[in-house]
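Okay, let's get going. I'll walk you through one structure today, so have it up in front of you while I talk.

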Amino acid sequence: MGKGAFKFGGKSGVLPEVRQIFKHPIKPVVRPANKNVGYADGVQHPKGTSREQPLPKVVNIETLIKGTMKEPENIPDLQKAGAVQKEKVSKAALRRKYYVDALHKEENRLDLQEKRQAQKVAADAKRKAESKYEMSQATKLTLPTISKLLEGPLMRERTEEEKEILAAKRKANRLQNELKGKENRAVDLLSLYYSAEKFITTEEELQYAVDAAFENQAIISDPEMANRSQNSLLKDAIFGTINGKPGLPDIEDEISGAAKDFREQLDELAKKEIAQKRDRELNNTVQ
């Protein structure tokens, strides 16, 4: 540990505090009044002192430059001066220039720091003002109190129109659920009807099924059969069929006659297309 570390309590690696360039303020200091500092009324202050704490002396940049780096009174003729004297004069001028630049840069830095501090204070004051909510007089007069709220019912009674709308919505939901249930039961019944074709109802069918089961004891996994089964399920989901057979929508269309009307429209369109095609062929033949 070097002897320089003893200046900092024997601790190495501790940098000293940054030396202030301006020992005196360069602008007038504004000191806010503090009622907890000073002499009370009726209490005399000691002789040779001031009742108010004196403000520090202000030294502006120009005064500091003139008092610290004065221009030389006698500037020698550099053309006649020697090399050593020329070097001294140039170094002195360079030092004065660097010193003046450093003072002006420090002045700009302090101005920028002061502006940022003022902006921060203004932003904090604005944020506090926005966060503070003051109730207006109109709100105070119209805001209901707890006792006023407890006097009447906690919930507002529905009007007759609202009651009718609510009853209509409930009825619509109930009818929709009933219709959905009936449609599901109809689809199940239709699936059962289609599956009845495979039911065994006679002794001959039972004997045939038993013989077929014992003849085909080996279980063969056929990928094509699985693919066909998946394709049939996909077609049923898309077209609304049941095992490739007409589903409930198709049967409803047949019963209501919508399917018949649709087929008739298709037949009429086909006849018109055939007639137009025949007319075009005749026109081409005549030409």
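Look for Asp 124 and Arg 127: their side chains meet in a salt bridge, with N to O at 2.6 Å. One thing to say right away is that this is a predicted model. Asp 124 and Arg 127 sit three residues apart in helix H2, so about one helical turn separates them. How covered are they? Asp 124 is partly exposed, at 25% relative accessible area, while Arg 127 is exposed, at 51%. On the general side, side chains of opposite charge can pair when their charged atoms come close.

How many salt bridges does the structure hold? Six. Let me show you another one in helix H2, between Asp 101 and Lys 97. Here the N to O distance is 3.2 Å. Asp 101 and Lys 97 are four residues apart, so again we're talking about one helical turn, roughly. Both ends are partly exposed: Asp 101 has a relative accessibility of 30%, and Lys 97 has 46%.

Now for a pair that reaches across the sequence. Asp 111 makes a salt bridge with Lys 27, and their closest N and O atoms are 2.6 Å apart. Asp 111 belongs to helix H2, residues 83-131, whereas Lys 27 is in the segment before helix H1 (61-68), so this pair ties together parts that lie 84 residues apart in sequence. Lys 27 itself counts as partly exposed, with 38% relative accessibility.

Let's stay with helix H2 and look at charged residues that are tucked away. Arg 96 is in this helix, and it's buried, because its relative accessible area is 16% and the cut-off for buried is under 20%. What does Arg 96 touch, if we skip its neighbours within four places in sequence? Met 69, Lys 70, Glu 71 and Pro 72. Glu 106 is in helix H2 too, and it's also buried, with a relative accessible area of 10%. Leaving out residues up to four places away, Glu 106 touches Ile 21 and Phe 22.

Keep Phe 22 in mind, since that brings us to the core. Which residues make up the largest nonpolar core? There are five: Phe 22, Ile 26, Ile 61, Ile 65 and Leu 103. In soluble globular proteins, nonpolar side chains tend to be buried together. If you click on Ile 65 and ignore neighbours within four places in sequence, you'll find it in contact with Lys 70, Val 100, Leu 103 and His 104. Leu 103 is a fellow member of that core. And Lys 70 is a residue we just met, as one of the contacts of Arg 96.

Okay, let's zoom out. The protein has nine helices and zero strands. Going from the N terminus, the elements run α-α-α-α-α-α-α-α-α, so to speak, one α after another. How much of the protein is buried? Of its 287 residues, buried ones make up 7%. The accessible surface comes to about 26800 Å², and carbon and sulfur atoms account for 57% of that. As for contacts with a separation of 6 or more, 59% of them are between residues 24 or more positions apart.

Speaking of surface, there's a nonpolar patch out there. It's formed by Ile 146, Leu 150, Leu 154 and Met 155, and together they have about 550 Å² of accessible area. Where is Leu 154? You'll find Leu 154 in the loop between helix H4 (146-151) and helix H5 (160-195). Is Leu 154 buried or exposed? Exposed, with a relative accessible area of 78%.

Last stop: aromatic rings. Searching the whole structure turns up one aromatic pair. That pair is Tyr 193 with Tyr 194, and it's tilted, with 5.9 Å from centre to centre and 55° between the planes. What I like here is how the two partners sit: Tyr 193 is exposed, at 59% relative accessibility, whereas Tyr 194 is buried, at 10%.

That's my tour, so have a click around.

Note on methods
Residues are numbered from 1 along each chain as its sequence is written. This is a predicted model: local features need pLDDT of at least 70, side-chain atom pairs count only at pLDDT 80 or more; totals for chains, interfaces and linings use all residues. Side-chain values use heavy atoms; hydrogens and water are left out. Patches are made of residues with over 30% relative accessible area and no salt bridge: like charges are joined within 9 Å, nonpolar side chains (Val, Leu, Ile, Met, Phe, Trp, Tyr) within 5 Å. Accessible areas come from the Shrake-Rupley method with a 1.4 Å probe; for residues, only the protein chains shown count as cover. A salt bridge is a side-chain nitrogen of Lys or Arg within 4 Å of a carboxyl oxygen of Asp or Glu. Helices (H or I, at least four residues) and strands (E, at least two) are DSSP runs, numbered from the N terminus. Buried means under 20% relative accessible area, exposed over 50%, partly exposed in between (1.4 Å probe, protein chains only). Contact means heavy atoms within 4.5 Å. A nonpolar core is a set of buried Ala, Val, Leu, Ile, Met, Phe, Trp, Tyr and Cys residues joined through side-chain atoms within 4.5 Å. Rings of Phe, Tyr and Trp (its six-membered ring) pair if their centres lie within 6.5 Å; planes under 30 degrees apart count as stacked, over 60 as edge-to-face and the rest as tilted.
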